[in-house]
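Below are some comments on the model you sent, set out as numbered points. Please read them with the sequence and the coordinates open beside you.

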Amino acid sequence: MAGHSKWANIQHRKGRQDAARSKLFSKLSKEITVAAKMGDPDPDKNPRLRMAVKEAKAVSVPKDVIDRAIKKSQGGDAESYDEIRYEGYGPNGVAVIVEAMTDNRNRTASNVRSTFGKSGGNLGETGSVSFMFDRKGEIYYPASVGDADTVMMAAIEAGAEDVESDEEGHWIYCADTDLNEVATALEAELGESETTKLIWKPQTRTPLDLDGVQKLMKLVETLEDDDDVQTVTTNFEASDEVMQAYSES
């Protein structure tokens, strides 16, 4: 997929330089609290919590922050969050899915709608773009765990559906309901993955030039800046040259 690993790295790099690191920590903490509140506070007995903790560790969230988020879920005063999905179109007709956790639906809906409007996009109804994506589990390993054939064999054995490998690493995909099982089987074979999460995987992609990428990323970054927004997914693609130019802009 054009620009796949490069794009992942650009996100990673921009994220590291970002002053929004504490914002990322608080989003991950919120997911941990919600996962622990909905299931067992023991990550070994709660797949969603285990994934949330792993995701937090992958970006170096301190252990005491993780422990505090789990403890918070057990207190009587733990906030109650609604999980909501918003769907719409960004600039140049790119499909956008926004997942949020909020204690105030009206505030979040108003903010998301306004952000889409200001960025030349428009918010649609639930279901207006998600049919263009598949809900999948995604497990990422760096290239150092082995060559493409080794990882492909391990993925097949583990029950995965697809693998995309390049010089940066390996992206392994499976049915959303199989993620915990596949991730556990892969861990026995390849060691601990770098990330394990549920994603929206685009079925088709909308190509963008540099101007298009810059406009879209302005929308994505403004949405991600919102404390209620957990993840933003789009179906754009761009050439390596365009992504390189964007990363340098």
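How many aromatic pairs does a search of the whole structure find?

1. The model is a predicted one, and a search of the whole of it finds one aromatic pair. The ring centres of Y140 and W171 are 4.9 Å apart and the ring planes stand at 45 degrees, so the pair is classed as tilted, given that the tilted class lies between the cut-offs of 30 and 60 degrees. Because Y140 belongs to strand 4 and W171 to strand 6, the pair ties together parts that are 31 residues apart in sequence. Y140 and W171 are both buried.

2. A separate ring contact involves a charge: K201 lies over the face of Y173, at 4.5 Å from the ring centre.

3. Helix 7 covers residues 179-190, and its 12 residues should span 16 Å at 1.5 Å a residue, which agrees with the 16 Å that separates its end C-alpha atoms. The buried residues in helix 7 are L179, V182, A183, L186 and L190; they cover an arc of only 95 degrees around the axis, which puts them on the same side of the helix. This fits the general rule that an α-helix has 3.6 residues a turn, so residues three or four places apart point the same way. The face turned away from the buried side of helix 7 carries E181 and A188, which are exposed.

4. What covers the buried residues of helix 7? The cover includes two helices, helix 3 (47-58) and helix 6 (148-158), together with strand 4 (133-142), strand 6 (169-175) and strand 7 (195-202). After helix 7 comes G191, with a positive phi near 90 degrees.

5. Y141, in strand 4, counts as buried, with a relative accessibility of 0%. A polar atom of the Y141 side chain lies 2.6 Å from the backbone oxygen of G191, the glycine that follows helix 7. With neighbours within four places in sequence left aside, the contacts of Y141 include L186, E187 and L190, as well as G169, H170 and I172. By contrast, the C-alpha atom of S110, which is 31 residues from Y141 along the chain, is separated from that of Y141 by 38 Å.

6. Is T196, which lies in strand 7, buried or exposed? T196 is buried, with a relative accessible area of 3%. The T196 side chain makes polar contacts with the side chain of S193, at 2.8 Å, and with the side chain of K54, at 3.4 Å. Not counting residues up to four places away in sequence, T196 also touches, among others, M51, E55, E138 and I139, along with L179 and A183, two of the residues that are buried in helix 7.

7. Two backbone conformations deserve a check by eye, given that most residues other than glycine have a negative phi. S60, in the loop between helix 3 and helix 4 (63-74), is not a glycine and yet has a positive phi near 65 degrees; S60 is partly exposed, with a relative accessible area of 48%. N92, likewise not a glycine, has a positive phi of about 60 degrees and lies in the loop between strand 1 (82-89) and strand 2 (95-102). N92 is exposed, with a relative accessible area of 53%.

Methods
Residues are numbered from 1 along each chain as its sequence is written. This is a predicted model: local features need pLDDT of at least 70, side-chain atom pairs count only at pLDDT 80 or more; totals for chains, interfaces and linings use all residues. Side-chain values use heavy atoms; hydrogens and water are left out. Helices (H or I, at least four residues) and strands (E, at least two) are DSSP runs, numbered from the N terminus. The expected span of a helix is 1.5 Å times one less than its number of residues. Buried means under 20% relative accessible area, exposed over 50%, partly exposed in between (1.4 Å probe, protein chains only). The arc is that of the directions from the helix axis to the C-beta atoms. Contact means heavy atoms within 4.5 Å. Rings of Phe, Tyr and Trp (its six-membered ring) pair if their centres lie within 6.5 Å; planes under 30 degrees apart count as stacked, over 60 as edge-to-face and the rest as tilted. A charge sits over a ring if NZ of Lys or CZ of Arg is within 6 Å of the ring centre and within 35 degrees of the ring normal. A polar contact is a pair of N or O atoms within 3.5 Å; within protein, one must be able to donate a hydrogen and the other to accept it, and residues adjacent in sequence count only if both atoms are side-chain atoms.
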